[in-house]
Amino acid sequence: MTARAPLTPAAIEDALGRFPLRETPIADGAATRAAAVAIVLVRGADGQVMPLTRRPGRMRAHPGQFALPGGSLDPGETAAEAARRELEEELGITVGPGGVLGRLDDYVTRSGYVISPVVLWSDADFRDIVPSPDEVAAVYDVTLDEIDVDPVFVAIDESPRPVVQWPLRGHRIHAPTGAIVHQFREVVLRGRDTRVADYEQPVFAWR
């Protein structure tokens, strides 16, 4: 198999710059809330890796689920600012404004969030990550080869939309995380303008 060429910030920024981003406006007074997640590439043992977290089982919302670092936007905060803040709070990774490489499509969740995925670059080493025990039960160093896999689609009776599942280390990670990572794979690693807004979440995540 041909070795994967290392990604560079310039190549990622170029791929995201050519991608026709779709945003989902939130009307004043709407119950929907704005949130952001960070897809950040850091140094791993054999190249770039993407930190992926698992939420503690005691958390009120989505306990035990795999997740990208992220959370709700504070008043007056942009998606990029929120992603950088959450990344530092959850994993101790500090990324300046120059480390923001671009955005992927907003993903609207069944639980009432509009999630804006922000792609970032850091020179931090994965081994230096210090996860917050209040928000992170475990953190995984996901390689580019683990991202670059075909998703699985499952039909459910409750929705006409297919549930997307991203296979990772014996698990199947659902939307929104699975959908967002799949779009990163398509846009950045494969150069394809793939949309994921119509990929469904499993019923247990609708709350």
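Helices (at least four residues) and strands (at least two) are runs assigned by DSSP, and they are numbered from the N terminus. Keep that in mind for names such as α1 and β1 in the legends below. The model shown here is a predicted one.

**View 1. Glu23, a loop residue that meets a distant part of the chain.**
Begin in the loop between α1 (9-18) and β1 (33-44), where you will find Glu23. Is Glu23 buried or exposed? Its relative accessible area is 54%, and since exposed means over 50%, Glu23 counts as exposed. Now look for the residues it touches. Setting aside neighbours within four places in sequence, Glu23 is in contact with Arg103 and Asp106. With Arg103, the side chain of Glu23 makes a polar contact of 3.5 Å. With Asp106, look at the backbone too: the two C-alpha atoms are separated by 5.3 Å, although Glu23 and Asp106 are 83 residues apart along the chain.

**View 2. An aromatic pair made by Phe66 and Tyr140.**
How many aromatic pairs does the structure hold? There are two, and one of them is formed by Phe66 and Tyr140. Their rings are 5.6 Å apart, centre to centre, with 50 degrees between the planes. Planes under 30 degrees apart would count as stacked and those over 60 as edge-to-face, so an angle in between is called tilted, and tilted is the word for this pair. Trace the chain from each ring and you will see that the pair links distant parts of it: Phe66 belongs to strand β3 (residues 66-67) and Tyr140 to strand β8 (residues 138-143), 74 residues apart. The two partners also fall into separate accessibility classes. Phe66 has 13% relative accessibility and counts as buried, whereas Tyr140, at 23%, counts as partly exposed. The cut-off to remember here is that buried means under 20%.

**View 3. An open sheet of three strands.**
Here you can follow three strands lying in the order β9-β10-β11, which form an open sheet with antiparallel pairing. Which strands stand at the edges? They are β9 (152-156) and β11 (171-174); each has a single partner strand, so one side of each is left without a neighbour in the sheet. From one strand to the next, the twist averages 40 degrees. As background, strands of a sheet pair through backbone hydrogen bonds, in either a parallel or an antiparallel way.

**View 4. Two hairpins, with β10 in both.**
Take the hairpin of β9 and β10 to begin with: two residues lie between these strands. They pair in the antiparallel sense over four bridges, and you can pick out Ile156, whose bridge partner in β10 is Ser159. Next, move along β10 (residues 159-168), which is joined to β11 by four bridges, again antiparallel. Look for Pro167, which stands opposite Arg172 in β11. This second hairpin, β10 with β11, also has two residues between its strands. What is the phi of Arg169, in the turn? It is positive, at about 50 degrees, although Arg169 is not a glycine. At 44% relative accessibility, Arg169 counts as partly exposed.

**View 5. Helix α4 across the sheet.**
Between β11 and α4 runs a loop that holds Pro176. Pause at the peptide bond from Ala175 to Pro176, which is cis, with omega near 10 degrees. Beyond it, helix α4 (residues 177-189) lies across β10 and β11, and its direction is at about 90 degrees to β11. You can check its length yourself: at 1.5 Å a residue, its 13 residues should span 18 Å, and its end C-alpha atoms are 17 Å apart, which agrees. The count uses one less than the number of residues. How many of the residues of α4 are buried? The count is 13 of the 13, so the helix is largely enclosed by the rest of the structure. After α4 comes Gly191, which has a positive phi near 70 degrees.

**View 6. Ala197, in the segment after α4.**
Follow the chain past the helix to Ala197, which is found in the segment after α4. At 47% relative accessibility, Ala197 counts as partly exposed. Which residues does Ala197 contact, leaving aside neighbours within four places in sequence? They are Tyr107 and Arg161. You can also look back to Pro176 from the previous view: the C-alpha atoms of Ala197 and Pro176 are separated by 9.3 Å, with the residues 21 apart along the chain.

How values were computed:
Residues are numbered from 1 along each chain as its sequence is written. This is a predicted model: local features need pLDDT of at least 70, side-chain atom pairs count only at pLDDT 80 or more; totals for chains, interfaces and linings use all residues. Side-chain values use heavy atoms; hydrogens and water are left out. Two strands pair if DSSP finds at least two bridges between them. Axes are lines fitted to C-alpha atoms, for helices over the stretch in contact, and angles run from 0 to 180 degrees between N-to-C directions. Contact means heavy atoms within 4.5 Å. Buried means under 20% relative accessible area, exposed over 50%, partly exposed in between (1.4 Å probe, protein chains only). A polar contact is a pair of N or O atoms within 3.5 Å; within protein, one must be able to donate a hydrogen and the other to accept it, and residues adjacent in sequence count only if both atoms are side-chain atoms. Rings of Phe, Tyr and Trp (its six-membered ring) pair if their centres lie within 6.5 Å; planes under 30 degrees apart count as stacked, over 60 as edge-to-face and the rest as tilted.
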